[in-house]
Amino acid sequence: MWGHTQPHLFNNVSHLEEEMRRNKQFAKDHRIPTDSGYSVAPHHSGVYPVHEPLYEAWKKVWNIRVTSTEEYPHLRPSRLRRGFIYKNIMVLPRQTCGLFTHTIFIDRYPGGRSKLDSSIRGGELFQTFIFNPINIFMTHLSNYGNDRLALYTFESVIKFVQCWTNLHLMTIPPLQLAEKYFQFFPQEKEPIWMNPCEDKRHRELWGTNKSCEQLPRFLVIGPQKTGTTALYTFLSMHPAIISNYPSPETFEEVQFFNGKNYYKGLDWYMSFFPVPENSTAKFLFEKSATYFEGELIPMRAHALLPRAKLVTILVSPAKRAYSWYQHMRSHQDPVALNNSFYAIVTANDSSPKPLRELRNRCLLPGTYAIHLERWLNYYSTNQLLILDGEQLRLDPVAAMMKLQRFLKIKPFFDYASHLKYDPKKGFFCQVLKGDHTKCLGKGKGRQYPAMDPRAEKFLHTYYLSHNVALSKLLGRLQQQNPEWLQRELMSDTQ
């Protein structure tokens with residue numbers, strides 16, 4: 001950067017581009033190569049935590065394809081540094097050699113020459129070479145220009161490695177190095193977005209106009225067809241609770257932690273949330289019902305929102321499966337329209353792929369204990385609230401009081417005066433001025449034909465072990481079984 005300015009201090013990408021153009025012209029004027037495809041940012045700024053304008057300007061001005069940083073996932077310990085790819089720029093983990101801005105003379109090295117030599121001859125720097133198949137080191141110009149401390153350090157450690165090991169050392173250009181790195185570690189290609197405010201160093205390198213108050217304090221994680229849209233509506237009525245902005249593609253759901261949206265980055269996610277004027281009194285939240293059963297989602301959510309609370313709604317898994325089938329029929333899904341519910345849930349692994357996919361979407365979300373255990377691998381039990389979907393439908397006031405206690409919201413919102421049962425709709429609706437009601441949209445609360453007894457019997461058997469596991473899990477969480485679970489477990493004993 002021209003003048004060594006940190007990129008995260010630029011909120012305007014055009015200003016950042018201008019700085020880079022000046023930098024590039026300086027390089028050309030002084031015959032410094034500009035076509036390596038590799039660049040670094042001052043003090044690691046903007047590389048991680050990611051500053052979007054930096055990546056955009058890098059691509060546009062320099063056509064950068066490779067960079068490096070010590071900051072991902074954290075500065076220390078250095079042995080755990082990893083790489084990732086973002087915006088088609090490969091980010092490699094940079095290692096530490098012990099030379100910093102102030103270590104320009106060997107007699108000023110912290111601990112003296114003996115400490116540097118011990119690091120070279122079997123110590124930390126030597127072990128860095130040994131245990132990392134690919135290493136990127138960077139020292140400052142002053143380390144070279146004063147008493148050539150950097151030259152001494154690297155010549156010494158390379159000679160020591162060559163003398164005492166059978167390792168073959170080689171150097172290759174940055175682009176080839178990056179490609180080789182991700183051949184060795186393909187699992188690192190996908191980034192993991194962590195909370196910048198959980199790390200002091202990351203907070204210092206984050207955008208000056210960004211705030212962790214713009215991240216949600218709780219998530220409604222699903223599953224689908226359990227009443228999450230109703231809960232979203234009820235939550236949005238609360239004056240202290242603020243939902244995300246709607247998405248043009250997924251409506252009220254952001255669906256960040258699952259699927260392609262995750263690779264759009266943290267800035268994209270945060271753009272869906274306002275910055276609360278009084279952050280301590282406001283509760284930002286998002287509801288994405290597809291979060292519940294995703295294998296990677298709990299890890300991703302916890303990395304970014306480790307202190308968030310989770311809300312899930314459970315109903316009879318058999319009824320949930322049937323509701324999903326009817327949902328797909330109402331959306332003119334040809335597989336659902338051309339096959340009975342029984343044919344779908346009993347499809348086997350030799351059935352056509354579309355039939356198997358719909359079967360899985362009907363059945364797998366209802367294996368509740370499996371998915372909850374996955375979330376509890378990352379979140380503590382006191383961060384999770386399990387709502388009874390039947391109670392939410394039949395007595396939403398009691399359910400919302402329970403939720404407010406869990407979130408510790410004060411003062412409580414009086415849902416009793418803001419929700420009213422609509423006999424025509426068959427469920428509770430929001431009370432407006434003049435005693436009018438506003439109900440959920442078309443299709444919500446629709447009545448379905450009775451389930452085929454064969455399908456009902458099959459699902460009872462299929463979900464029995466999963467319901468038993470759920471009951472044990474709820475016992476461990478010191479929560480009562482909802483009435484629907486008690487009925488389903490009791491019916492097996494009769």
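**Close-up 1. Cys 429 sits buried in its disulfide with Cys 439.** In this predicted model, Cys 429 has a relative accessibility of 1% and so counts as buried, being under the 20% cut-off. Its sulfur atom lies 1.9 Å from that of Cys 439, and the two form a disulfide. The link of Cys 429 and Cys 439 is right-handed, with 105 degrees about the S-S bond. It connects distant parts of the chain, ten residues apart: Cys 429 belongs to strand E10 (residues 427-431), while Cys 439 is in the loop between strand E11 (437-438) and helix H19 (453-476). Cys 439 is partly exposed, with a relative accessible area of 24%.

**Close-up 2. Cys 197 pairs with Cys 212.** Here the S to S distance of the disulfide is 1.9 Å. This link of Cys 197 and Cys 212 is right-handed too, at 100 degrees about the S-S bond. Look for Cys 197 in the loop between helix H7 (174-184) and helix H8 (200-205), and for Cys 212 in the loop between H8 and strand E4 (218-222); the pair is 15 residues apart. Cys 197 has 35% relative accessibility and counts as partly exposed.

**Close-up 3. Two further cysteines, Cys 163 and Cys 362, have contrasting surroundings: exposed for Cys 163 and buried for Cys 362.** The relative accessible area is 56% for Cys 163, whereas for Cys 362 it is 0%.

**Close-up 4. Stepping back, the protein is divided into two domains, domain 1 and domain 2.** Domain 1 covers 7-188, and domain 2 covers 211-406 + 443-491. Their C-alpha centres lie 44 Å apart. A search of the whole structure finds two disulfides, which follow the pattern 1-2, 3-4 when bonded cysteines are counted along the chain.

How values were computed:
Residues are numbered from 1 along each chain as its sequence is written. This is a predicted model: local features need pLDDT of at least 70, side-chain atom pairs count only at pLDDT 80 or more; totals for chains, interfaces and linings use all residues. Side-chain values use heavy atoms; hydrogens and water are left out. Domain bounds come from an automatic or database domain assignment. A disulfide is a pair of cysteine sulfur atoms within 2.5 Å. Helices (H or I, at least four residues) and strands (E, at least two) are DSSP runs, numbered from the N terminus. Buried means under 20% relative accessible area, exposed over 50%, partly exposed in between (1.4 Å probe, protein chains only).
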